[in-house]
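User: Hi! I'm new to reading structures and would like a close look at a single part of this one, with the reasoning spelled out.

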Amino acid sequence: MHATNTTASGPSRAAVDELFQRPLLDLVHEAASVHRLHHEPRSLQCSQLLSIKTGGCPENCGYCSQSAHHNGEVPREPLLDEASVIDAAKRARAGGADRFCMGAAWRQVRDGAEFDRVLGMVRGVKALGLETCVTLGMVNEQQARRLADAGLDYYNHNLDTGRSHYGAVVSTRTYDDRLATLDAVRGAGLKTCCGGIVGLGETRAARAELLWQLANLPEAPTSVPINALVPIPGTPMGNLPPIDWTEIVRAVAVARILMPRSVVRLSAGRKEMHEAAQAMCFLAGANSIFVGDELLTTPNPSPSSDAALFDKLGLSPLGSA
Ligand code: SAM
Ligand code: DTB
Ligand code: SF4
């Protein structure tokens with residue numbers, strides 16, 4: 001099945017299912033051991049997000065505040081100008097972020113003045129000495145090359161969930177569309193940032209399927225964001241019950257074991273998590289977070305509460321080194 005997108009060397013589905021069934025503390029212990037073999041366990045990669053074009057998205061992702069299909073859609077904002085993005089990136093750098101991630105509510109990149117403006121933003125943010133990341137929807141290899149030439153380091157494009165659950169989340173594009181964009185991004189020599197969301201009403205098996213797929217891409221993503229659903233009132237998934245914190249820890253731990261060299265980001269949903277649960281995720285191998293008061297359209301823990309947490313846990317943001 002889908003042989004072009006898998007390699008023979010990755011883990012089997014059965015092996016991933018088995019990891020998910022382990023007693024939690026055994027799993028966390030193994031993940032922590034793997035983590036310490038490959039990473040400096042006290043350092044934390046810190047990315048800051050900015051929504052550069054908000055709302056009005058033609059896709060119908062059931063979790064998203066920016067889809068034009070849902071009542072829960074946030075107010076629309078056109079593509080920002082380059083200067084205000086550079087200002088925001090300077091503030092992010094001053095706050096200790098080491099990577100600046102720009103997100104646009106587009107179905108796909110279209111060549112033209114707006115894409116040229118995004119290329120200018122990438123050049124400007126890179127010139128500040130920050131790592132750069134964008135998430136712009138589907139992209140072809142030629143566009144990805146232009147982004148790389150402008151100084152882009154990472155392209156974020158999530159698989160969101162396992163293939164079997166994908167149709168319950170979005171119907172305006174397919175899993176194979178997502179995989180094709182990831183191929184284009186890789187083909188252009190960009191690093192991939194690719195992960196998913198837990199708490200979309202999926203089974204543990206579908207979560208295993210997502211992590212199996214990520215670990216079986218031709219190259220494991222360099223960065224793997226694990227988001228917990230931030231429920232948005234008025235969206236199809238706005239009323240789903242919150243996922244138990246141990247399932248988030250489990251997903252982080254399995255990601256760490258399956259993709260030992262990748263950076264695993266404890267992404268959306270941290271504001272709703274207890275500090276102790278976040279601490280267990282860091283122990284289980286999460287070594288990246290989003291910093292700053294806002295994600296794209298929803299709140300994130302405040303910089304002061306994060307600073308207090310880093311202090312309690314002995315973690316150092318990369319940007320402060
Ligand atoms: N439109 C582009 C796309 O879909 O690729 C980029 C922006 S989109 C907001 C980026 C990712 O954020 C999604 O793929 C999803 O994994 C995550 N995300 C969006 N809304 C979320 C929510 N309410 N809770 C958790 N994660 C969310
Ligand atoms: C990712 O995996 N999570 C980020 C980023 N990639 C673009 C987005 C999280 C969005 C959370 C909901 C919001 O703020 O709209
Ligand atoms: Fe659009 Fe991305 Fe939101 Fe889906 S997740 S509706 S593609 S902005």
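User: Why is the sulfur of Cys281 too far from the closest cysteine sulfur for a bond, and where does that cysteine lie? Please take me from there to the cavity and its ligands.

Analyst: Happy to! Please keep in mind that this is a predicted model. Let's begin with your cysteine. The closest cysteine sulfur to that of Cys281 belongs to Cys46, and the two sulfurs are 15 Å apart. A disulfide needs two cysteine sulfur atoms within 2.5 Å, so at 15 Å the sulfur of Cys281 is too far from that of Cys46 for a bond. Cys281 is also buried, because its relative accessibility is 0%. A search of the whole structure for disulfides fits this picture: the result is zero.

Now for the cavity. Ligand 1 takes up space that is the largest cavity. Ligand 2 sits in the largest cavity too, and the space of ligand 3 is likewise the largest cavity. Let's visit each ligand in turn.

Ligand 1 has 17 residues around it, and the closest of them are Thr135, Asn158, Asp160, Arg178 and Val230. Sorted by class, its shell holds ten nonpolar, five polar and two charged residues. Several backbone atoms reach nitrogen atoms of this ligand. A polar backbone atom of Val230 is 3.0 Å from a nitrogen of ligand 1. For Tyr63, a backbone N or O atom lies 3.2 Å from a ligand nitrogen, and for Ala104 the corresponding distance is 3.5 Å. On its own, ligand 1 would expose 560 Å², and the protein buries 89% of that area.

Next comes ligand 2, with 13 residues around it; Asn158, Asn227, Leu296, Thr297 and Thr298 come nearest. Asn158, then, is listed among the closest residues for ligand 1 and also among the nearest for ligand 2. The shell of ligand 2 has six nonpolar and seven polar residues, with no charged ones. Here both side chains and backbone take part. A polar side-chain atom of Thr297 is 2.6 Å from an oxygen of ligand 2, while a polar backbone atom of Leu296 is 3.0 Å from a ligand oxygen. In Asn156, an N or O atom of the side chain lies 3.4 Å from a nitrogen of ligand 2. Alone, ligand 2 has 410 Å² of accessible area, of which the protein covers 86%.

Finally, ligand 3. The residues around ligand 3 are Cys57, Glu59, Cys61, Tyr63, Cys64, Ser67, Ala105 and Arg173. Five of these count as nonpolar, one as polar and two as charged. You have met Tyr63 already: its backbone makes a contact with ligand 1, and Tyr63 is also one of the residues around ligand 3. You may also spot Cys57, Cys61 and Cys64 in that list; remember that the search of the whole structure finds zero disulfides.

Methods
Residues are numbered from 1 along each chain as its sequence is written. Chains are lettered from A and ligands numbered from 1 in the order in which they are written. This is a predicted model: local features need pLDDT of at least 70, side-chain atom pairs count only at pLDDT 80 or more; totals for chains, interfaces and linings use all residues. Side-chain values use heavy atoms; hydrogens and water are left out. A residue is near a molecule or strand if one of its heavy atoms lies within 4 Å of it. A polar contact is a pair of N or O atoms within 3.5 Å; within protein, one must be able to donate a hydrogen and the other to accept it, and residues adjacent in sequence count only if both atoms are side-chain atoms. Accessible areas come from the Shrake-Rupley method with a 1.4 Å probe; for residues, only the protein chains shown count as cover. On a 1 Å grid over the protein atoms alone, a cavity is a set of points where a 1.4 Å probe fits but cannot get out, and a pocket is an open set with protein on both sides within 12 Å along at least five of seven lines; lining residues have an atom within 4 Å of a point. A molecule sits in a cavity or pocket if more than half of its atoms lie within 2 Å of its grid points. Ala, Val, Leu, Ile, Met, Phe, Trp, Tyr, Cys and Pro count as nonpolar, Asp, Glu, Lys and Arg as charged, and the others, Gly among them, as polar. Buried means under 20% relative accessible area, exposed over 50%, partly exposed in between (1.4 Å probe, protein chains only).
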